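Open your viewer and get ready to click along. We will go from the whole fold to the inside, one selection at a time.

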Amino acid sequence: MDVIDVEAFVADGFAKVEAVVPRQVGDAARALLWERIGLSPDDPSGWTQPVVWTADLTGEGPFGQIVHSERLRAALDAVAGAGGWVPRGSVGNMPIRFPVVPAADDRGWHIDANTARADGGYGVSGRPETLLLLVLLSEVGPRDAPTRVRAGSQRDMAALLDERVLDPMQMGPVFDEAGQERPIALATGSPGDVYVVHPFTVHGAQEHLGSRPRFMAQAPVFLASPLRPGDTTPLGRAAGFS
């Protein structure tokens, strides 16, 4: 059985890869993060902020096991092609969301892509495009602030990018528009699961309505070259380029 459903990725702009690492690796990573942020899973009185940011910049211990996972490599090869992506050395930034009211004001629709245009310009920044990995490090149910994903919105976003040059400071209405009629999927799962998200897929955070903090990493994976019309990989097919 393939590690990732490529046709689901092409259709929806994202796909889940279960157990990139065993659950106990995700649990070990979460334990390290509790220590790093100076809070305790057993003392909710310390959970006073809706979001606490931390990061893995070195790939130590369980974080290295995640980014060097053979299952993850196989999934990325399947969607971007062997040699089509740049291996990471660390997991990167991690927003830890707590069940605290009021919620953080950071829940707008957006893309993490640094989107190139067919004419060689860039709509968002001058960096190559990136796949997004949502690395779950805790149990995430529908009420535990799972990332919202507009399934299929990568095609809408690709069409919008082909029509206009986007001003990075005025992106909100564009993201609100792209895929607004699409069904919304939730990035739920268990420690060690990873969602592979297309560069053009519109997604957003949401309010935490549960009782347990949500631990997740947002890991950008740079592509070897920007997406262009004519790309026949699943990345290109997902965007409607081939």
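Start with the cartoon view and colour by secondary structure: seven helices and nine strands make up the protein's secondary structure. Keep in mind that this is a predicted model.

Next, look at how the chain meets itself. Among contacts with a separation of 6 or more, 84% are between residues 24 or more positions apart.

Now switch on the surface. Its accessible area comes to about 10,600 Å², and carbon and sulfur atoms account for 52% of that. How many of the residues count as buried? Of the 242 residues in the protein, the share is 51%.

Hide the surface again and select Leu 131, Leu 133, Leu 137, Met 157 and Val 196 as sticks. These five belong to the largest nonpolar core, a group of 55 residues, and they touch the most other members of it. Then pick Leu 136, Ala 151, Ala 187 and Met 216 in another colour. They are among the 11 residues of a second core, separate from the one you just saw.

Last stop: the empty spaces. The structure has three cavities of 30 Å³ or more, and the largest has a volume of about 50 Å³. Which residues lie nearest the centre of this largest cavity? Select Pro 50, Arg 97, Ala 103, Ala 104 and His 208 to find them. The complete lining of the largest cavity has 12 residues: six are nonpolar, two polar and four charged. Try colouring the lining by these three classes to see the mix for yourself.

Terms used
Residues are numbered from 1 along each chain as its sequence is written. This is a predicted model: local features need pLDDT of at least 70, side-chain atom pairs count only at pLDDT 80 or more; totals for chains, interfaces and linings use all residues. Side-chain values use heavy atoms; hydrogens and water are left out. On a 1 Å grid over the protein atoms alone, a cavity is a set of points where a 1.4 Å probe fits but cannot get out, and a pocket is an open set with protein on both sides within 12 Å along at least five of seven lines; lining residues have an atom within 4 Å of a point. Grid points are joined across faces, edges and corners, and a volume is the space filled by probe spheres set on the points. Ala, Val, Leu, Ile, Met, Phe, Trp, Tyr, Cys and Pro count as nonpolar, Asp, Glu, Lys and Arg as charged, and the others, Gly among them, as polar. A nonpolar core is a set of buried Ala, Val, Leu, Ile, Met, Phe, Trp, Tyr and Cys residues joined through side-chain atoms within 4.5 Å. Buried means under 20% relative accessible area, exposed over 50%, partly exposed in between (1.4 Å probe, protein chains only). Helices (H or I, at least four residues) and strands (E, at least two) are DSSP runs, numbered from the N terminus. Contact means heavy atoms within 4.5 Å. Accessible areas come from the Shrake-Rupley method with a 1.4 Å probe; for residues, only the protein chains shown count as cover.
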